[in-house]
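Me: I'm just starting out with protein structures, and I'd like a close look at a single part of this one. Could you walk me through one sheet and what sits around it?

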Amino acid sequence: MRFLELREKEVINCKDCRRLGYVADMEFDIESGKIIAIIVPGPGKLFSCLGSCTEYYIRYCNIVRVGPDIVLVDIDACDIKKINKC
């Protein structure tokens with residue numbers, strides 16, 4: 001699967017059935033070439049239209065399944081690492 005195909009998939013948390021958003025970026029291990037984590041932009045500021053100041057950093061080990069339309073992750077809401085961009 002290519003990264004562009006993964007960017008079109010929505011990320012959903014299995015624990016609380018919450019939509020987290022769409023994959024925006026990935027972090028790789030340079031030496032092994034393996035995916036370390038996916039990065040998903042947080043909710044928008046105004047009616048989910050404007051940009052977001054936070055991103056969700058989800059480790060690869062928390063990904064349960066990559067389907068044709070969605071990526072299922074199994075992670076507690078308190079364990080999702082939020083990155084502040086602002």
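Reply: Here is a walk through the four-stranded open sheet, with a stop at the core and at a few cysteines.

Keep in mind as you look that this is a predicted model. To get your bearings, the chain has one helix and eight strands, and from the N terminus on they run α-β-β-β-β-β-β-β-β. Of its 86 residues, 33% count as buried.

Now to the sheet. Four strands make it up, in the order E2-E1-E7-E6, and their pairing is mixed. What stands at the edges? That would be E2 and E6: each has a single partner strand, so one side of each is left without a neighbour in the sheet. Neighbouring strands here are turned against each other by 25 degrees on average, ignoring direction.

Let's take the pairs one at a time. E1 and E7 run in the parallel sense and pair over four bridges. If you'd like to find one of those spots, go to Asn 13, whose bridge partner in E7 is Val 73. On to the next pair: E6 (residues 63-66) and E7 (residues 70-73) pair in the antiparallel sense, over three bridges. Here you can look for Arg 65, which has Leu 72 as its bridge partner in E7. A hairpin of three residues takes the chain from E6 to E7.

Val 73 is worth a longer stop. Leaving out residues up to four places away in sequence, Val 73 touches Val 11, Ile 12, Asn 13, Cys 14, Leu 20, Ile 58, Asn 62, Ile 63 and Val 64. It also turns up in the largest nonpolar core, which has 14 residues; Val 11, Leu 20, Ile 38, Val 40, Ile 58 and Val 73 are the ones touching the most other members. Strand E4 (35-41), strand E5 (54-59) and E7 are the elements that give two or more residues to this core. There is a broader pattern to keep in mind: in soluble globular proteins, nonpolar side chains tend to be buried together.

While you're at E5, have a look at Tyr 57, which is found in that strand. Is Tyr 57 buried or exposed? Its relative accessibility is 15%, so Tyr 57 counts as buried, the cut-off being under 20%. Tyr 57 and Ile 38 are 19 residues apart in sequence, yet their C-alpha atoms are 6.1 Å apart in space.

Last, back to the edge of the sheet and the loop between strand E1 (10-13) and strand E2 (18-22), where you'll find Cys 17. Cys 17 has a positive phi of about 55 degrees, although it is not a glycine. With 64% relative accessibility, Cys 17 counts as exposed, since the cut-off for that is over 50%. Cys 61 counts as exposed too, at 57% relative accessibility.

Why is Cys 17 not bonded to Cys 14? The closest cysteine sulfur to that of Cys 17 is in Cys 14, and the two are 7.3 Å apart, which is too far for a bond. A disulfide needs the sulfur atoms within 2.5 Å, and by this rule the count comes to zero disulfides.

Key:
Residues are numbered from 1 along each chain as its sequence is written. This is a predicted model: local features need pLDDT of at least 70, side-chain atom pairs count only at pLDDT 80 or more; totals for chains, interfaces and linings use all residues. Side-chain values use heavy atoms; hydrogens and water are left out. Buried means under 20% relative accessible area, exposed over 50%, partly exposed in between (1.4 Å probe, protein chains only). Two strands pair if DSSP finds at least two bridges between them. A nonpolar core is a set of buried Ala, Val, Leu, Ile, Met, Phe, Trp, Tyr and Cys residues joined through side-chain atoms within 4.5 Å. Contact means heavy atoms within 4.5 Å. Axes are lines fitted to C-alpha atoms, for helices over the stretch in contact, and angles run from 0 to 180 degrees between N-to-C directions.
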